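The following paragraphs explain how a catalytic annotation, a pocket and a pair of domains can be read together in one model. Please keep the structure in view while reading.

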Amino acid sequence: MPARLVVLASGVGTTLQAVLDACQDPSFGVEVVAVGTDRFGTGAQERALAAGIPVFSVRLEDFPHREAFDEATAEQIAAHDPDLLVLAGYMKILGKQVVGRFRTVNTHPSLLPAFPGAHAVRDALAHGVKISGVTVHWVDEGVDTGPILAQAAVDVEASDTEETLRTRIQAVERVLYVQTIGRIVRSEEGT
């Protein structure tokens, strides 16, 4: 029986699509059972609907305070009984109502612990690093502070802009994330 994933995404959904593509191979051992977003009209929603996957949206602005948003997000996730919660370009920090309840993985466009936060690629370029990369990590209540599961390096080229470096990092990120999710799922099958 495949592992049940709920994927949260905020954007166009390229990382989600990489996971969906991997799910086509039964040996991957994963089924995306729902996709959640923090806003309406995202490419991630469109990709999920095209694949016949249920979609839910929980928007922060619809709640009087952050805790209510986190509680509503947790309830939507729980309704799909996931084995693993996967953040795929989800741009909200989740509270203990979510990360304390679900095993959650995320990616980050730097070699953590370097350059945590929302502007990692910009920060790496501003600091003049020669190597950047991507990190897959467990999510805890901090910002990009959870235990590291996998990392891959990406050379920074002299001509890089934030956009060109981000594009190269994302290409590596999609492959590494799918591999890491598969490893997590397969290691759980053996226990």
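A residue is called buried when its relative accessible area is under 20%, exposed when it is over 50%, and partly exposed in between, with a 1.4 Å probe and protein chains only. The model is predicted, so local features need pLDDT of at least 70 and side-chain atom pairs count only at pLDDT 80 or more, whereas totals for chains, interfaces and linings use all residues. Residues are numbered from 1 along each chain as its sequence is written, and side-chain values use heavy atoms, with hydrogens and water left out.

By the first definition H108 is buried, because its relative accessible area is 3%. An unreviewed UniProt entry annotates H108 as "active site"; such positions are given in the numbering used here, feature names are shortened, and annotations may be inferred rather than shown by experiment. H108 belongs to strand β5, residues 104-108. Helices (H or I, at least four residues) and strands (E, at least two) are DSSP runs, numbered from the N terminus. Contact means heavy atoms within 4.5 Å. Leaving aside neighbours within four places in sequence, H108 has contacts that include F115, H137, D144 and E173.

N106 also lies in strand β5 and is buried, with a relative accessible area of 12%. Not counting residues up to four places away in sequence, N106 touches several residues, among them L87, H137, D144 and Y177.

The domain assignment, automatic or from a database, gives domain 1 (1-102) and domain 2 (107-169). Their centres, taken over C-alpha atoms, are separated by 22 Å, and five residues of domain 1 are in contact with six residues of domain 2.

A pocket is sought on a 1 Å grid over the protein atoms alone: it is an open set of points with protein on both sides within 12 Å along at least five of seven lines, and lining residues have an atom within 4 Å of a point. The largest pocket holds about 830 Å³ of space, a volume filled by probe spheres set on points joined across faces, edges and corners. Of its 37 lining residues, G89, Y90, M91, T107 and P109 are the closest to the centre. Elements giving two or more residues to this lining are α1 (14-23), β5 and α6 (162-189), and α6 gives the most, with four.

Where does the largest pocket lie with respect to domain 1 and domain 2? Both domains give residues to its lining, so the pocket lies between them.

Terms used. On a 1 Å grid over the protein atoms alone, a cavity is a set of points where a 1.4 Å probe fits but cannot get out, and a pocket is an open set with protein on both sides within 12 Å along at least five of seven lines; lining residues have an atom within 4 Å of a point.
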